[in-house]
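Please look over the sequence and the structure shown here, and then follow a conversation in which a learner asks how to read them.

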Amino acid sequence: MYEAGYDPEGAGDLQRTFLRLANARGQTQGFNIFASHPPSQQRLATNIITASELPPGGKVGRDDFAAMMSALRARQPAFEAYDAGRKALADGDLSAAERKAREAIRLQPREASFYGLAGDAALMRKNYDTAIASYTNALDRDATFFYYHLQRGIARERSGDVSRAEADLTTSLKLFETAPAYYSLGNLALKRRDTQSAKQYYAKAAGSQGEIGNAARAELMRLDLASNPSAYLHTRAGTDAQGQLLIAVNNPTPLAVRALRFEIRYLDSAGQTRSITRALNSVLGAKQNTTIATGLGPFTSSNQYQVQLIGAALAE
């Protein structure tokens, strides 16, 4: 401290504060700031002796600290307005959110997050031009935060500005990967009929939970079900008491399906391999299951048959 120009007496003052806080530990659960470096009376005594051997004086920093705290206190009303605006937005009160965003911006026009709040309220109102302008204002003040790129990309996607939406969303992913960015890029790929890219984007978004993850999984299923039905529908073949072949089908997805087709390979009574198809033409609802009687049998062993789901369609 002394070599850096600070008053060495400050080390003793700091250790006294640490000791006071450490003594209060038992009254404050979860207070673990001293877990690795516990203060002690001996450490305080050592600091006092060392300070007495050095020339007095030096920088204390009280004025600098006071100036910093004064700046923070001056910003406090703006952030209180911002917090109130975020709460209003979460509660669905868009008018209050917009009003609080304007208040925060008036008090601290250089703070990017306040323009982000204004953009979010405008986006929820589907005022896309206003939302884009607000997010641009936020990015002018802080271009390093992924959220403003993401939200402006979503607003541009919904307004039909495909190329600039893709640029914003891609930039947001470089800063921080999110399911909403992948989902919107999937939507944009679908608009330009790039089904393969859309599948890849939706697959990444589908790994998340919540509304976006559910929407991505539904879109992916719409694109992929016809060519890859077994990835979404679960089937199991077995026999009843008379040895007749049955197919149990479970649809764990949030979408109803129809036109299920199965290829059945089996050994006939002469030991020859036969192949036949069976279909379920009725609708199998979301989260539902059913059993299909194939009319084949009797079989005495599961080695005598093999069932594969080869086709399905959405019931839309």
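## Reading strands, helices and cores

A: Let us begin with one pair of residues: V257 has L314 as its bridge partner in β6. This is a predicted model, in which local features need pLDDT of at least 70 and side-chain atom pairs count only at pLDDT 80 or more, while totals for chains, interfaces and linings use all residues. Residues are numbered from 1 along each chain as its sequence is written, and side-chain values use heavy atoms, with hydrogens and water left out.

Q: How many bridges join strand β3 to β6?

A: Helices (H or I, at least four residues) and strands (E, at least two) are DSSP runs numbered from the N terminus, and two strands pair if DSSP finds at least two bridges between them. Here eight bridges join β3, residues 257–267, to β6, and the two strands run antiparallel.

Q: In which order do the three strands of the open sheet stand?

A: The order is β4-β3-β6, with antiparallel pairing. Because β4 (273–280) and β6 (305–314) each have a single partner strand, they stand at the edges, and one side of each is left without a neighbour in the sheet. On average, neighbouring strands of this sheet are turned by 15 degrees against each other, direction ignored; such angles are taken between axes, which are lines fitted to C-alpha atoms (for helices over the stretch in contact), and run from 0 to 180 degrees between N-to-C directions.

Q: Which side chains of strand β2 are buried?

A: Buried means under 20% relative accessible area, exposed means over 50%, and partly exposed lies in between, with a 1.4 Å probe and protein chains only. Along β2, residues 245–251, the side chains alternate, so that L245, I247, V249 and N251 point to one face and are buried, while L246, A248 and N250 point to the other and are not. Strand β2 runs antiparallel to β1 (residues 234–239), to which six bridges join it, and A248 is the bridge partner of R236. Between β1 and β2, which form a hairpin, there are five residues, and G243 in the turn has a positive phi of about 85 degrees. Six bridges also join β2 to the antiparallel strand β5, residues 288–293, where T290 stands opposite V249.

Q: Which residues touch the most other members of the largest nonpolar core?

A: A nonpolar core is a set of buried Ala, Val, Leu, Ile, Met, Phe, Trp, Tyr and Cys residues joined through side-chain atoms within 4.5 Å. In the largest one, which has 49 residues, V257 and L260 touch the most other members. Helix α9 (residues 179–191) gives the most to this core, with seven residues. A second, separate core of 20 residues includes Y82, L94, I105 and Y115.

Q: Why is helix α5 described as largely enclosed by the rest of the structure?

A: The reason is that 12 of the 13 residues of α5 are buried. Among the helices that cover these buried residues are α3 (62–90), α4 (94–107), α6 and α7 (146–159). Helix α6, residues 128–141, holds S134, which is buried with a relative accessible area of 11%. Contact means heavy atoms within 4.5 Å, and S134, leaving aside its neighbours within four places in sequence, is in contact with Y115, A118 and G119, which are among the buried residues of α5.
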